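Okay, thanks for having me, everyone. I'd like to walk you through one structure today, so have a look at the screen.

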Amino acid sequence: MAGLLLAAGSGSRLGRPKALVELAGERLVDRGVRTLSGGGCAPVLVVLGAADTGVSGAVTVHNPDWSTGMGSSLRAGIDAMPDTVDALLVALADQPLVTSEAVRRLVEAYAQGARAAVATYHGNPRNPVLLGREHWSTVYSMAERDVGARPFLRAYSHLVTTVACDDVASPEDIDTEEDLARLTETLGGV
């Protein structure tokens, strides 16, 4: 099970690339890699674009089309997956309250036979998302502009296992300085 962290955007509403934003003394890109690794994903690939930077513990993939949206980053990540990987778990760098425990739950769903799964919060599907290799080409063809796996999850919902993560994680994201301040406060400012 590989981890795939999408971190290529420029953070237009935030005014700076989200991958480089620090929360509780840690860059969002590093936090995402730690979350995926801690949840049992190996290798971890990080798709970068607006801000190319070194990332410890991960393989970086440059998306030259990052400005077109998340869809191109998901495609770049799929293209870079080693042949030995049977499934990948997609997470977003701007969702720092997704935890390793949420990742572990999806990895466990995979171990129990799920070939596509999504974390849910209050019954709503969000991230992270697990995709078995047999679904990659379909996801790839449906990932456009600023959508990643969402069209696949909707069109093939009968194939998707839902995994409740309400009690261990949150899908809150950082789009603005206000979001960053709120999440910094949520984490106790540390």
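Before anything else, a bit of vocabulary. When I sort residues by class, Ala, Val, Leu, Ile, Met, Phe, Trp, Tyr, Cys and Pro count as nonpolar, Asp, Glu, Lys and Arg count as charged, and the others, Gly among them, go down as polar. Also keep in mind that this is a predicted model.

Now, why the vocabulary? Well, let's talk about the cavity. How many cavities of 30 Å³ or more turn up in a search of the whole structure? The search finds one, and its volume comes out at about 90 Å³. Sorted by class, the lining has eight nonpolar, three polar and one charged residues.

If you want to find the cavity on the screen, look for L5, then L28, R31, G32, T35 and L36, then A91, L92 and A93, and finally Q95, P96 and V98. Which element gives the most to that lining? That's helix 1, with five residues. Strand 6, which runs 87-92, also supplies at least two.

Okay, the overall picture. The UniProt entry, an unreviewed one, annotates residues 3-157 as a MobA-like NTP transferase domain. Over that stretch the chain is 30% helix and 25% strand, and the C-alpha atoms at the two ends sit 22 Å apart.

Next, some backbone oddities. As background, most peptide bonds are trans, and most residues other than glycine have a negative phi. So where does this model depart from that?

Start with the peptide bonds. The one from A42 to P43 is cis, with omega near 0°. P43 sits in the loop that links helix 1, residues 28-38, to strand 4, residues 44-48. There's a cis bond from N127 to P128 as well, with omega near 5°. P128, though, is in a strand, namely strand 8, residues 124-132.

Then there's phi. A24 isn't a glycine, yet its phi is positive, about 55°. You'll find A24 in the loop between strand 2 (22-23) and strand 3 (26-27). R145 also has a positive phi, near 45°, and again that's not a glycine. R145 lies in the loop between helix 4 (136-142) and helix 5 (150-155).

Are these two buried or exposed? A24 is partly exposed, at 33% relative accessible area, while R145 is exposed, at 61%.

Right, that's my tour. Over to you.

Terms used:
Residues numbered from 1 in each chain as written. Predicted model: local features only at pLDDT ≥ 70, side-chain atom pairs only at ≥ 80, totals over all residues. Heavy atoms only, no water. UniProt positions renumbered as here; feature names shortened; annotations may be inferred. Helix = DSSP H or I, 4+ residues; strand = E, 2+ residues; numbered from the N terminus. Buried < 20%, exposed > 50% of the residue type's maximum accessible area, 1.4 Å probe, protein only. 1 Å grid on protein atoms, 1.4 Å probe; cavity = no way out; pocket = protein on both sides within 12 Å on 5 of 7 lines; lining within 4 Å. Points joined across faces, edges and corners; volume = space filled by probe spheres on them.
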